[in-house]
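Please open the structure in a viewer and keep the sequence at hand. The tour below proceeds by selections, each followed by a description of what is found there.

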Amino acid sequence: MGVLMSRRQTVERVQKVSLAVSAFKDGLREQPSTRRRAEAGTSRRGTLEQEVQEGEEEASAGPSQPEESSASKAAWERLRDGRGVEPEEFDRANRFTPPAFIRPKRELHDDEPPDISLEKREQIVNDEMCEICEVWTAENLFPCRICPRVYHDGCLRRMGYLQKDSTVEVTETAHTETGWSCYYCDNLNLLLTEEEMYSLMETLKNCKIIPETCLTLDDFLHYKHLVHKQQFERPMAEAQEEQASLQFNALDPDKKGHIEWQDFLSHESIQLLQKLRPQNALLRLLTLKERERARTVFLALDQDNDGFIGEGECHQARHTWFRKHQKEMLSCNVSISHVGPISEGSPASSKNGKSPEKILPATKQEEARSVDWPSFLQENVAYILAARPNSAALHLQPPA
């Protein structure tokens, strides 16, 4: 899945733990560069339609055109490097050096079936030291729900990855069933290789998508129409347009009328992974924690322990991987909250008096087909990966 490194960590590995705190205070004071001040001073929010209109006005004005070109170039560079949108007006003085993301590379054996046994459970062990400062402080560390990394909230703030409005959410969910995804796992775009990222950037440029802007429904549908026509050389069908509208609604759970850039980017990243990589390669992206949650779900649905579940139950799992923001956390050994379904006949469901989510009854045809463990993983792997971000948006809307 690639390697996440920090330039500060290379230095800190040879420092004594007793000097870590003072090193953070005295040795990590970096003045913001001219480029970062330019990026911070340029707001790239708003809808795509507003950005295009502003771009036309600035082009006619003349003098501001070089600044717009510079800001656009910086946005494309952030997209290429996987950094996403940097906080506006974020002062890098007295902050930690941001990490350098290295995109993964495809290996020759990626297409071979991975050995993920249903019977063999895997022990989950988190790292002992903060990923950023490499200092151990026990209960003050916040674990990632996807990978074994742990973090201090203070280190996340100094890195610029934890703002005031998200501090409470992290502290309240990191040690619960809901969990919290670290800044690496939260970014699905970092699963793409350099070649895949180049392909995505070319598509966005050809469709006139401006990085770091929000997209309205019209923007989203226009983009989907262009992509479909470029790929299949024919217009998008009405049913496909309806499915795209449903995906937009899934990416806009708060009904704001637009989708955030990061949610759009995550959606496009997971779509590209489905298009370019075989199922076996996607299965190799699953972490130990995700594999264990998948086992828990399958075993909970396999009531008779014969190694098979109904197709309807498999579809049920597909629709409920994204349960990330439950107000009441369920305490049951078959409940995995945000990334796994709870069958209507499970103890967790009966204990709470009602099913946590209304599931349409399975058809006779769905119940007739049995799904084994390998098929269950292959049919759900894309949805498991799409459920990684902390956002409430559904980055891959399951078909109805």
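Angles between helix axes under 35 degrees count as roughly parallel, over 145 as roughly antiparallel, 65 to 115 as roughly perpendicular, and the rest as oblique. The model on display is predicted.

**First stop: H8 and H11**

Select residues 194–206, which form helix H8, together with residues 261–276, which form helix H11. The two helices pack at an angle of about 120°, and their axes are 11 Å apart. H8 and H11 are therefore oblique to each other. Their crossing is right-handed. To view the contact, display Glu-196, Ser-199, Leu-200 and Leu-204 on the side of H8. On the side of H11, display Trp-261, Phe-264, Leu-265, Glu-268, Ser-269, Leu-272, Leu-273 and Leu-276. By class, the residues of this contact comprise 8 nonpolar, 2 polar and 2 charged.

**Second stop: H9 and H10**

Next, select helix H9 (217–232) and helix H10 (238–251). Here the packing angle is about 135°, with the axes 10 Å apart. That angle makes H9 oblique to H10. The crossing of H9 past H10 is right-handed. H9 contributes Leu-217, Phe-220, Leu-221, Lys-224, His-225 and His-228 to the contact. From H10 come Gln-240, Glu-241, Ala-244, Ser-245, Gln-247, Phe-248 and Leu-251. The contact of H9 with H10 has 6 nonpolar, 5 polar and 2 charged residues.

**Third stop: H9 and H11**

Keep H9 selected and bring back H11. The axes of these two helices come within 14 Å and cross at roughly 20°. H9 is therefore roughly parallel to H11. This crossing is right-handed. The residues to display are Phe-220, Tyr-223, Lys-224 and Gln-231 of H9, and Phe-264, His-267, Glu-268, Gln-271 and Lys-275 of H11. Their classes are 3 nonpolar, 3 polar and 3 charged.

**Final stop: the second largest pocket**

Which residues lie nearest the centre of the second largest pocket? Select Lys-224, Val-227, Gln-231, Glu-268 and Gln-271, which hold that position among the 26 residues of the lining. The pocket has a volume of about 790 Å³. The elements that give two or more residues to its lining are H8, H9, H10 and H11. Which of the elements gives the most to this lining? H9 does, with 7 residues. Colouring the lining by class shows 9 nonpolar, 13 polar and 4 charged residues.

Some residues appear at more than one stop. Lys-224 belongs to the contact of H9 with H10, to that of H9 with H11, and to the residues nearest the centre of the pocket. Glu-268 takes part in the contact of H8 with H11 and in that of H9 with H11, and it too is among the residues nearest the centre of the pocket.

Technical notes
Residues numbered from 1 in each chain as written. Predicted model: local features only at pLDDT ≥ 70, side-chain atom pairs only at ≥ 80, totals over all residues. Heavy atoms only, no water. Axes fitted to C-alpha atoms, helices over the stretch in contact; angles between N-to-C directions. Helix = DSSP H or I, 4+ residues; strand = E, 2+ residues; numbered from the N terminus. Left-handed = near helix turned anticlockwise from the far one by under 90°. Contact = heavy atoms within 4.5 Å. Nonpolar A, V, L, I, M, F, W, Y, C, P; charged D, E, K, R; others polar. 1 Å grid on protein atoms, 1.4 Å probe; cavity = no way out; pocket = protein on both sides within 12 Å on 5 of 7 lines; lining within 4 Å. Points joined across faces, edges and corners; volume = space filled by probe spheres on them.
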